[in-house]
Amino acid sequence: MPIIEVKDLAKKYLLPGKKSEFFYAVDGISLRIEVGEIFGILGPNGAGKTTTLEMLEGLTDIDGGSATIDGIDVASQPYKVKEIIGVQLQANEYFDNVTLNELLTLFAALYNREVDTSELLGKVNLLDKAQAKPGNLSGGQQQRFSIACALVNSPKVLFLDEPTTGLDPQAKHNLWDLVRELNDAGMTIVLTTHNMEEAESLCERIAIMDHGKLVAEDTPQNLILKHAPEPPQAPMHGNIEDVFLALTGHGLRD
Amino acid sequence: MPTKLQLHLAKIFLKIFLRDRQSIFFSLFFPIIFMTVFAFANNGEVDPIKLGIVNNSSSEVASDFSQMLNDNPLFNVTGGEESNLRTELVDGDQTMVLILPENFDAQSDGAELQLLVDAAQVQQLGLIMPLLEQTLISIEREFRNIEPMFTLTIEDVKARSQRYLDFLLPGLMAFTLMQLSIAGSGFNIVEFRRKGILKRLFVTPIKPRDFITAIVLARMAIILIQLTVLIVFAVTILDVRIVGNFASFYLMIVLGTFIFLCLGFCLGSIAKTQQAVMAVGNIVIFPQIFLSGVFYPIESMPELVQPIANLLPLSFVSTAMREIANNGASLLEITPTLIGIAAWFVIAFMLATRLFVWKEVAN
C-alpha cells in the first residue's frame, strides 16, 4: 500500500538574469513509496532531490502535478501533512543557548504536544547530552539530534536530506542503525544521499534523478543487474571503507 | 486572548530569550546614561547671572553696593574696566554690565547708574531690575538710617516644579520601548532566518499567528522587565515624578510594545538580511524620534508637519504616557489618543500576520 504518491510533480524557477524564461528544477516526477519502506533518492548536485523533498514537506510550492501523503493532498492541506511527517533539513542550526531537552520541548509544543524528552534522546543515543547545547555536539550527534527533533510528533513518514554527509564512518554506521531501528518500528523513511553505499545497504528501493527527471527506480539489486557494467572476472573483496573500519573499529567517536 | 498553545510557546521562547542576558542588560545602558546626564545637567537650578561691574566711584557706598551684589547668589560678579567688560558682553561672556558713576556716594542726589545689556538676554531684565532697585533701596536706607516699614521674609518650602526630566521620562520610555521592540522582533526574525531556524519551524504545523503571538508575548515580558528597571531607576535614584496612575501608565507601555513588536515583525518579514533590516528599521525609527514628541512637544514643531506627526504610532504612545505621567490624566481623558493606539494595534497585528508568510519568510 503506497503512503506517498507523486504524479508528474514539477517545480520551475526563473532562469537567473532572464525575465520570462524558466527552467525546471523538478520536471514531471512520478513515484510510489510503500508503507514501511526506506526509499532513497540519489543524484548529483542540482538534480532536484532537495526540491522534490521540499515540495513533499510543504516548504516549496508545487508548480505542476500532485503529491499525496497518507491520502492527504500536500498542496491543498499542507498543515495536515505537516502533522504526520518528520523532517530533518540539511542545515540544522538551532537557537543559541538552549539545551537539547528544551529544544525538544519547544518542538513538541509546535505540534501542540508534550513529549518524554528522555525517551527521545535515549532513542537517538544522546541521553547524556540532555543539558548540552546543539553547538557543542559533534557532527554525528547533531544529525542524531535533528532526527530526534523530527520524531517529536511520532511521524508516519520521516524525511532525511543527506543525513550522513560530512560524518565519519563510525557516525555514519551509527546513523544507519538508527534509521533501521525506526524503520523496524514501522516508520516509512525517505532520504536523499550522495553515498552509494548508503543507498545500497540501507534503502529497499532507490530512485536516481538527474536534471530534474527520474532516470531509474528499482531495488538496488535490480538496478545493478540492469545497469551495472559486466563485473570483472575476479572482483575485489570489499572496499577501502571496510579496511578503514576494520582498522579503526566500529566504536562511536565524539 | 492568547490560546494555551500560544502561552506555552511564549513561555519556552521567554526562557530562550532570557538566556541572552548581555544584550538585555546593555540595551538599558543608553537610556540610563541619557537620563543621568539630563538629571545632572538640568537639575532645576537657575544659573547665576553674569554681571560685570564698572566702579568709577571711589566711595565706600559704591564698594558696599558691589559687595552686596556679589553676596547675592543670583549674580556672578566680575569687576573691571568698562572697555574690557563691554567686549566681554559682546562676546557673550557677561550677561550685563553695570556702570556706577563717579558721583555714586552718600552725598549725591540722583546718581545715575547705567546698565548695559546683551539684547539676546533682555528677557532676564525683568528679573534683574527689581533686584538692583531692591539692593539700591536697602543701601539708601542704611545710609539715611531709615527703618523699613515692611520686611518680606521668603521661606523656601522646596515645592518642586516640573523639571525637564519629568517631561522627558515618558517620552524616553516610549522611545526605548519602540527601539527594544523593533530590535527584539525584527532583528530576531532575520537572525532566525539566517540560521535556517525559520525553515525548520515551517515544516512543523505551527501557524504564523501562533508563532507571532508567542514571540510577541515572550519579548513583551522582557521589555516590561527592562522598562521597569529604567522606571525604578528614574523614580528612586533620579527622583523623577510620575503623577498619574501607574497601572494606566503600564497599560500604555504594554499596548505600545505590542504595536512595535508587530511592526518589527513586518520589518523582519520584508528585509532579508541584517543590514537591510537595520536600514529599514532606521527609516521607521528616525523620523519618529524627531516627530513624535519624545524630546520636545509636538506643538513646538512647524504647523505643516504637525498633522502627520500626530498620526505616528510613537506620537500616540508617548502622548498617552506623558499625559498620564505628567498631568495625571485618566484613561477617559485621553480617549482620542487611545483610539489612535487601538487603531495602530489592529493595523500592526494585521500587517504582521499578513506579511509573515512562512513560504516567503523561511526561504
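**Close-up 1. Helices α13 and α14 of chain B cross at roughly 140°.** In this predicted model, the axes of α13 (residues 313-327) and α14 (residues 335-355) of chain B come within 9 Å. That crossing angle makes α13(B) oblique to α14(B), because only angles over 145 degrees count as roughly antiparallel. As for handedness, α13(B) passes α14(B) in a left-handed crossing. Which residues of α13(B) should you look for where it meets α14(B)? They are Pro313(B), Phe316(B), Val317(B), Thr319(B) and Ala320(B). Facing them from α14(B) are Thr337(B), Leu338(B), Gly340(B), Ile341(B) and Trp344(B). Sort the residues of this contact by class and you get 7 nonpolar, 3 polar and no charged ones.

**Close-up 2. Helices α7 and α9 of chain B pack at an angle of about 150°.** Here we stay in chain B, with α7 spanning residues 164-194 and α9 spanning residues 208-237. Their axes are 10 Å apart. The angle is over 145 degrees, so α7(B) counts as roughly antiparallel to α9(B). Is the crossing left-handed or right-handed? α7(B) passes α9(B) in a right-handed crossing. To find the contact, start on α7(B) with residues including Leu169(B), Met173(B), Leu177(B) and Leu180(B). Then move over to α9(B), where the residues they meet include Ile215(B), Arg219(B), Ile223(B) and Leu227(B). By class, this contact has 11 nonpolar, 5 polar and 1 charged residues.

**Close-up 3. Four strands of chain B build an open sheet.** Read across the sheet and the strand order is β2-β1-β3-β4, with mixed pairing. The edges are β2 (75-79) and β4 (114-117) of chain B, and each of these pairs on one side only. On average, neighbouring strands are turned by 25° against each other, ignoring direction. Now zoom in on β1 (residues 49-55) and β3 (residues 96-100) of chain B: they pair in the parallel sense over 5 bridges. For a landmark, pick out Asn55(B), which stands opposite Leu100(B) in β3(B). A helix joins the picture too: α5 (residues 82-91) of chain B lies across β1, β3 and β4 of chain B. It runs at about 160° to β1(B).

**Close-up 4. Chain A has an open sheet of 4 strands.** The order here is β2-β1-β4-β5 of chain A, and the pairing is antiparallel. Which strands sit at the edges? They are β2 (22-34) and β5 (72-73) of chain A, each pairing on one side only. Inside the sheet, 5 bridges join β1 (residues 2-14) to β4 (residues 64-69) of chain A, and these two strands run antiparallel. One pair to look for is Val6(A) with its bridge partner in β4(A), Ala67(A).

**Close-up 5. Chain A touches chain B.** How many residues does each chain put into the contact? Chain A gives 24 and chain B gives 20. On the chain A side, the elements giving two or more residues are α2 (78-84) and α3 (100-110). The largest share of that side, 6 residues, comes from α3(A). By class, the side of chain A that touches chain B has 13 nonpolar, 5 polar and 6 charged residues.

**Close-up 6. Chain B is assigned two domains, domain 1 and domain 2.** According to the domain assignment, domain 1 covers 4-42 + 162-362, while domain 2 covers 49-144. The C-alpha centres of these domains of chain B lie 54 Å apart.

Terms used:
Residues numbered from 1 in each chain as written. Chains lettered and ligands numbered in written order. Predicted model: local features only at pLDDT ≥ 70, side-chain atom pairs only at ≥ 80, totals over all residues. Axes fitted to C-alpha atoms, helices over the stretch in contact; angles between N-to-C directions. Parallel < 35°, antiparallel > 145°, perpendicular 65-115°, else oblique. Left-handed = near helix turned anticlockwise from the far one by under 90°. Contact = placed C-beta atoms within 7 Å. Nonpolar A, V, L, I, M, F, W, Y, C, P; charged D, E, K, R; others polar. Pairing = 2+ DSSP bridges. Domains from an automatic or database assignment.
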